[in-house]
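Student: I should like to understand how labels such as "buried" or "salt bridge" are justified. May we work through some cases together?

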Amino acid sequence: MDRYDYIIIGAGSAGCVLANRLTEDAGKTVLLLEAGVKDNSMMVRMPAGVATLVPDKGTYNWGFWTEPEPHLENRKLFWPRGKGWGGSSSINGMLYIRGHARDFDQWRQMGLPGWGFADVLPYFKKSEAFEDGADAWHGGDGPLKVTKTHDANPIYNATIEAGRQAGHKVTGDFNGFQQEGWGRYQNTIVDGERWSAAKGYLHPVLSRPNLTCITGARTTRILVENGRAVGVEYADETTRDRKTVRADAEVLLCAGAVQSPHILQLSGIGDPDELGKFGVPVVHALKGVGANLQDHLDIAMAWECPKPITMYSQTKGLRTALIGISYMLFKKGLGRRFPLETGAFLKSRPDLDRPDLQVHEMLVITRNHGSRDAGPIAKDGFSLHVCQLRPESHGRVGLRSADPFDDPAIFANYLAADEDRRALREGVKIMREVVRQPALDPYRTEEVFPGKAVQSDADIDEWIRKTGETIYHPVGTCKMGTAADPMAVVDSDCRVQGIAGLRVVDASVMPTLIGGNTNAPTIMIAEKIADSIRGRAFLPAEDAPIYEDGKVAA
């Protein structure tokens with residue numbers, strides 16, 4: 001049996017970070033197991049390739065489906081999740097967002113020392129190479145390159161001005177002094193190329209002799225002996241032949257919020273009642289595995305544009321084919337960017353201590369943007385996608401069978417809570433108020449979605465139930481918590497409760513969903529836990545100012 005000090009399951013964002021940091025210790029051997037393939041497709045490298053990678057199950061996308069959602073008219077929702085080197089960072093929209101400072105302070109207040117904003121800020125900075133260099137908020141020389149967006153399309157700036165005209169704040173940096181307001185996003189696109197976690201962390205260390213990477217290796221179970229994780233059984237994705245490998249130090253599960261709990265359950269680690277339904281022998285009872293699922297539900301409002309300046313006119317006819325050809329031959333053209341450069345963080349009601357709505361603006365009109373029936377409308381226009389940032393509705397991930405090649409069962413349970421419905425309803429009203437402002441007069445005509453007929457609260461709620469989709473941010477299914485929490489799966493160092501030598505390190509450990517896109521926080525978590533695994537002192541906390549009611553608060 002092959003032996004390594006560390007076995008990392010999953011070459012997604014967290015797995016790439018750990019592969020990099022753990023192999024800095026030349027005396028330690030690391031095996032990185034990935035069910036997918038290498039990230040060598042032009043569609044992965046090209047930012048505009050998102051349009052091809054996200055909508056369908058394929059080589060780079062697990063393409064999961066939820067179970068029928070009871071509060072969304074029993075629709076099954078399509079859940080894209082990255083497969084292959086880089087994981088979801090190889091198919092996402094490349095936005096760099098950390099979340100609000102108070103999100104992390106809330107983790108600390110839940111009894112998780114070391115996870116307040118002052119504690120995690122140094123790890124955000126350690127991971128980052130910001131275009132403008134290092135400052136109090138940003139890192140300048142980390143592996144993950146972060147750039148500002150600069151597209152000159154006038155709709156972007158007009159929407160920010162319309163937000164100001166509607167009475168909202170404007171911010172110059174969603175990851176800095178002030179998150180709230182309308183502004184420009186930062187992204188992980190460098191010189192017209194996606195800068196994924198694999199690009200930043202894994203590729204630079206592939207030549208290290210103490211790192212072994214195996215692709216096409218689906219983990220079937222974690223091996224546990226006498227209360228300790230000792231290795232991994234995996235199967236060849238094609239032949240399904242199985243092999244076991246031994247971990248002398250630790251097994252590190254980095255398969256994401258859907259598959260990390262699924263792998264634990266397949267290994268007999270989870271709620272005994274649930275495992276028993278599928279004939280899986282209980283190795284370790286841990287009731288919280290798969291529970292606490294949280295995700296951002298998104299609605300897509302859209303307006304026609306009277307000018308031929310959006311993606312429809314720029315891509316219709318033969319122009320679509322020319323995008324790929326121009327990028328492949330010259331690395332020029334629309335393929336170099338993704339048409340999502342502005343947005344906002346807003347409050348659905350004024351008494352909130354932080355924004356609870358996020359807006360993504362896209363220069364395209366689409367139906368059900370995250371599902372297989374998605375597709376651009378044949379008109380020039382723009383969309384404002386609105387998601388509620390801190391849903392009170394929680395779901396779960398469970399087994400569909402004991403066969404590791406079966407997809408997990410996903411019960412997202414969107415809109416179970418009244419507050420979630422209220423917040424999105426207010427989001428519709430806020431967007432309409434913004435878009436009717438004078439700044440957008442030259443660029444806006446008819447409202448396409450939800451349309452003039454949808455006006456009453458009941459009509460808005462019905463439209464949300466019929467059209468709401470994921471915006472790809474599931475977390476929480478192996479939640480971090482204290483020993484007193486019966487639903488906690490890992491402790492504050494991401495060690496699985498009650499099993500030695502096993503950690504979960506990915507978005508599944510987040511106890512609550514942060515206010516924003518989840519890739520940057522996942523990378524931060526892996527950076528921090530890498531120090532814990534290596535027995536190193538955590539980076540010193542950095543107290544940074546937080547924007548509050550127009551003033552800087554200590």
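Tutor: The following exchange sets computed values against their cut-offs, for a model that is predicted.

Student: What makes Arg164 and Glu161 a salt bridge?

Tutor: The criterion is a side-chain nitrogen of Lys or Arg within 4 Å of a carboxyl oxygen of Asp or Glu. Arg164 and Glu161 have an N to O distance of 2.3 Å, so the pair satisfies the criterion. Both residues lie in helix H6 (residues 154–165), 3 residues apart, about one turn of the helix.

Student: Why is Arg164 called partly exposed?

Tutor: Partly exposed lies between the limits of under 20% for buried and over 50% for exposed. Arg164 has 45% relative accessibility and therefore counts as partly exposed. Its partner Glu161, at 27%, also counts as partly exposed.

Student: How do you know whether Glu274 and Lys277 are buried, partly exposed or exposed?

Tutor: Glu274 has a relative accessible area of 25%, so this residue is partly exposed. Lys277 stands at 58% and therefore counts as exposed, the limit being over 50%. The two form a salt bridge, with their closest N and O atoms 2.9 Å apart, and both belong to helix H9 (residues 272–277).

Student: Why does Asp491 count as buried?

Tutor: Its relative accessibility is 17%, and buried means under 20%. Asp491 forms a salt bridge with Arg495, the closest N and O atoms being 2.9 Å apart; Arg495, at 39%, is partly exposed.

Student: Which residues do salt bridges with shared partners join into one network?

Tutor: That network consists of Arg21, Glu24, Asp25, Lys126, Glu527, Asp531, Arg534 and Arg536. By the same distance rule, the count comes to 53 salt bridges.

Student: Why are helices H5 and H14 called roughly perpendicular?

Tutor: The axes of H5 (residues 117–127) and H14 (residues 519–533) cross at roughly 105° and come within 9 Å. Angles of 65 to 115 degrees count as roughly perpendicular, so the term applies to H5 and H14. Among the residues in contact are Tyr123 and Phe124 in H5 and Ile523 and Met524 in H14. By class, this contact has 7 nonpolar, 1 polar and 4 charged residues.

Student: How do you know that the span of helix H12 agrees with expectation?

Tutor: At 1.5 Å a residue, the 18 residues of H12 (residues 418–435) should span 26 Å; the end C-alpha atoms are 26 Å apart, so the two values agree. The buried residues of H12 include Leu424, Val428 and Ile430, as well as Asp420 and Arg422.

Terms used
Residues are numbered from 1 along each chain as its sequence is written. This is a predicted model: local features need pLDDT of at least 70, side-chain atom pairs count only at pLDDT 80 or more; totals for chains, interfaces and linings use all residues. Side-chain values use heavy atoms; hydrogens and water are left out. Helices (H or I, at least four residues) and strands (E, at least two) are DSSP runs, numbered from the N terminus. The expected span of a helix is 1.5 Å times one less than its number of residues. Buried means under 20% relative accessible area, exposed over 50%, partly exposed in between (1.4 Å probe, protein chains only). Axes are lines fitted to C-alpha atoms, for helices over the stretch in contact, and angles run from 0 to 180 degrees between N-to-C directions. Angles under 35 degrees count as roughly parallel, over 145 as roughly antiparallel, 65 to 115 as roughly perpendicular and the rest as oblique. Contact means heavy atoms within 4.5 Å. Ala, Val, Leu, Ile, Met, Phe, Trp, Tyr, Cys and Pro count as nonpolar, Asp, Glu, Lys and Arg as charged, and the others, Gly among them, as polar.
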